[in-house]
Amino acid sequence: MIVSCDLMPKIRSLITKIPTVQTIVYINPNNLQKDITSSQVNGFPDNIRLQSLQEVERTGTQMSDIQFQTPKPEDEFVIMYTSGTTGTPKAAIATHRQMVDGSANAVLLVVKDVIQESRSHIYIAFLPLAHVLELTIEFFLFYGGVRIGYASPFTLTDSAPGLVKGQKCDIKLLKPTVMTCVPLVLDRIIKEVHDKLNARTPVSVDFFTYIMGYKSKWTQKGYDCHIVNNLVCSKVQQQLGGRLQIMICGGAPLNATTQATIKAALDVILVQGMDFHDLSYGRVGAPLQGVKVKLIDWDEGGYHRSDQPNPRGEILIGGDSIVMGYYKLPEQTQEAFKVDDRGVRWFYTGDIGEMFADGTFKIIDRRKDLLKLQNGEYISLGK
């Protein structure tokens with residue numbers, strides 16, 4: 001187990017409940033041995049081996065006979081835990097084949113332009129690497145040599161809760177060109193802009209909302225608004241460093257109004273579902289290269305592929321980008337993952353989607369969010 005020093009007391013209180021742990025490597029954030037207090041590293045059972053990261057590094061420099069073993073495609077690459085939104089967190093097993101054959105085909109379409117111009121781009125990383133979207137994006141940015149600056153959500157923007165008064169926020173210091181975010185962060189950015197506008201005049205927010213709506217209407221048709229960009233958007237862009245070009249949003253449903261406002265105000269490519277060329281709002285784009293998507297009927301919820309004007313149903317995702325299953329949870333694995341008669345492995349997402357004529361999808365409901373009342377009617381908690 002590798003942990004930072006401040007977590008050592010918590011690990012010590014749990015160590016009897018995790019009997020498989022034999023070695024703990026602790027990281028001193030200041031890289032100074034004298035800053036580690038005895039209360040942080042003492043009190044562990046004798047069978048637990050404690051090492052500082054500095055000791056591990058010294059040992060590594062003295063070893064000359066290190067043998068590397070090339071992994072097989074079916075070997076595990078990483079075990080990534082889910083957030084546990086619908087129950088106890090589950091550990092999804094991703095293989096090397098999935099990361100290279102599946103994710104590479106999909107994600108490289110998104111980041112290939114960034115990688116080709118790697119010297120001109122800076123990526124700001126503030127989501128945890130335990131977030132699969134963040135891990136996958138950084139995996140390929142490292143591959144392409146894109147510079148990555150690590151930040152914290154507590155000091156990311158001017159209104160971040162951990163920012164000391166008078167200090168510059170992370171995003172203004174780093175001035176990134178690319179960032180990944182979740183809808184909550186975008187909502188906070190809009191709130192911060194509104195707060196600053198309210199401090200000017202009582203009508204500033206209404207004027208801003210009208211102008212952004214005007215720009216959104218025309219950009220959705222493929223046009224640009226240079227006057228709005230120069231007079232309004234440039235000032236908003238400075239709040240996020242002034243160089244932002246691409247924002248990738250995932251992890252939760254993105255409100256269409258938020259999507260339109262951020263895309264208009266920052267004059268950026270805002271990708272939801274990783275489709276750079278989708279001009280619509282509220283959708284998650286079309287299937288990426290190498291990813292199979294299909295809908296299945298859900299009679300109880302009233303969603304069918306025969307629905308008009310667009311097919312609706314539970315979204316299934318298939319192909320090499322699908323994980324092998326959940327670690328030590330065979331029942332949940334059998335429920336969520338199924339192989340058809342053609343050998344394609346499908347993941348039952350539980351998301352209810354609507355497919356449009358241009359091949360893009362919109363998430364309209366969540367199967368596990370529905371409650372069945374006594375009269376048989378379903379109520380959506382999400383809605």
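In this predicted model, strand β4 and strand β5 (residues 91-95) are paired in the antiparallel sense over five bridges, and within that pairing Glu76 has Thr95 of β5 as its bridge partner. The two strands belong to an open sheet of three strands, whose order is β4-β5-β13 and whose pairing is antiparallel. Because β4 (76-81) and β13 (325-326) each have a single partner strand, they stand at the edges of the sheet, and one side of each is left without a neighbour in it.

A further set of antiparallel pairings is centred on strand β15 (residues 345-355), and the table below lists its partners together with one bridge from each pairing.

| Pair | Sense | Bridges | Example of bridge partners |
|---|---|---|---|
| β12 (residues 312-318) and β15 | antiparallel | six bridges | Gly313 and Gly353 |
| β14 (residues 337-339) and β15 | antiparallel | three bridges | Phe337 and Phe347 |
| β15 and β16 (residues 361-366) | antiparallel | five bridges | Met355 and Phe361 |

Two of these pairings are hairpins. In the hairpin formed by β14 and β15, five residues lie between the strands, and Gly343 in the turn has a positive phi of about 85 degrees. The hairpin of β15 and β16 likewise has five residues between its strands, and there Gly359 takes a positive phi near 90 degrees.

Parallel pairing is found around strand β9 (246-249). On one hand β8 pairs with β9 in the parallel sense over four bridges, with Met179 standing opposite Met247 of β9; on the other, four bridges join β9 to strand β10 (residues 269-272), and these two also run parallel, with Met247 opposite Leu270 of β10. In a regular strand the side chains alternate between the two faces of the sheet. In β9, Ile246 and Ile248 point one way while Met247 and Cys249 point the other way, and all of them are buried.

Met247 also appears in the largest nonpolar core, which has 36 residues and in which Leu186, Met212 and Met247 are the residues with the most contacts. The elements that give two or more residues to this core are β8 (178-181), α7, α8, α9, β9 and α10, and α7 supplies the largest share, namely six residues. A second, separate core has twelve residues, among them Val114, Ala125, Ile137 and Val146.

Helix α8 (residues 204-219), one of the contributors to the largest core, has 16 residues and reaches 22 Å from its first C-alpha to its last, close to the 22 Å expected at 1.5 Å a residue. Its buried residues are Ser204, Val205, Phe208, Ile211, Met212, Lys215, Ser216 and Thr219. Why do these residues lie on the same side of α8? They cover an arc of only 140 degrees around the axis, which puts them on the same side of the helix. On the other side of α8, Asp206, Phe207 and Tyr210 are exposed.

The buried residues of α8 pack against α7 (183-198), α9 (226-238) and α10 (256-266). For Met212, with neighbours within four places in sequence left aside, the residues in contact are Val228, Val232, Cys233, Thr261, Ala264 and Ala265.

A contrasting position is that of Pro161, which is placed in the loop between β7 (147-150) and α6 (170-174). Is Pro161 buried or exposed? Its relative accessible area is 66%, and because the cut-off for an exposed residue is over 50%, Pro161 counts as exposed. When residues up to four places away in sequence are not counted, Pro161 touches Pro153 and Phe154.

Taken over the whole chain, the model has eleven helices and 18 strands, and buried residues make up 41% of its 383 residues. Among contacts between residues at least 6 apart in sequence, 57% join residues that are at least 24 apart. The chain exposes about 22,600 Å², of which carbon and sulfur atoms supply 55%.

Conventions. Residues are numbered from 1 along each chain as its sequence is written. This is a predicted model: local features need pLDDT of at least 70, side-chain atom pairs count only at pLDDT 80 or more; totals for chains, interfaces and linings use all residues. Side-chain values use heavy atoms; hydrogens and water are left out. The expected span of a helix is 1.5 Å times one less than its number of residues. Buried means under 20% relative accessible area, exposed over 50%, partly exposed in between (1.4 Å probe, protein chains only). The arc is that of the directions from the helix axis to the C-beta atoms. Contact means heavy atoms within 4.5 Å. Two strands pair if DSSP finds at least two bridges between them. Accessible areas come from the Shrake-Rupley method with a 1.4 Å probe; for residues, only the protein chains shown count as cover. A nonpolar core is a set of buried Ala, Val, Leu, Ile, Met, Phe, Trp, Tyr and Cys residues joined through side-chain atoms within 4.5 Å.
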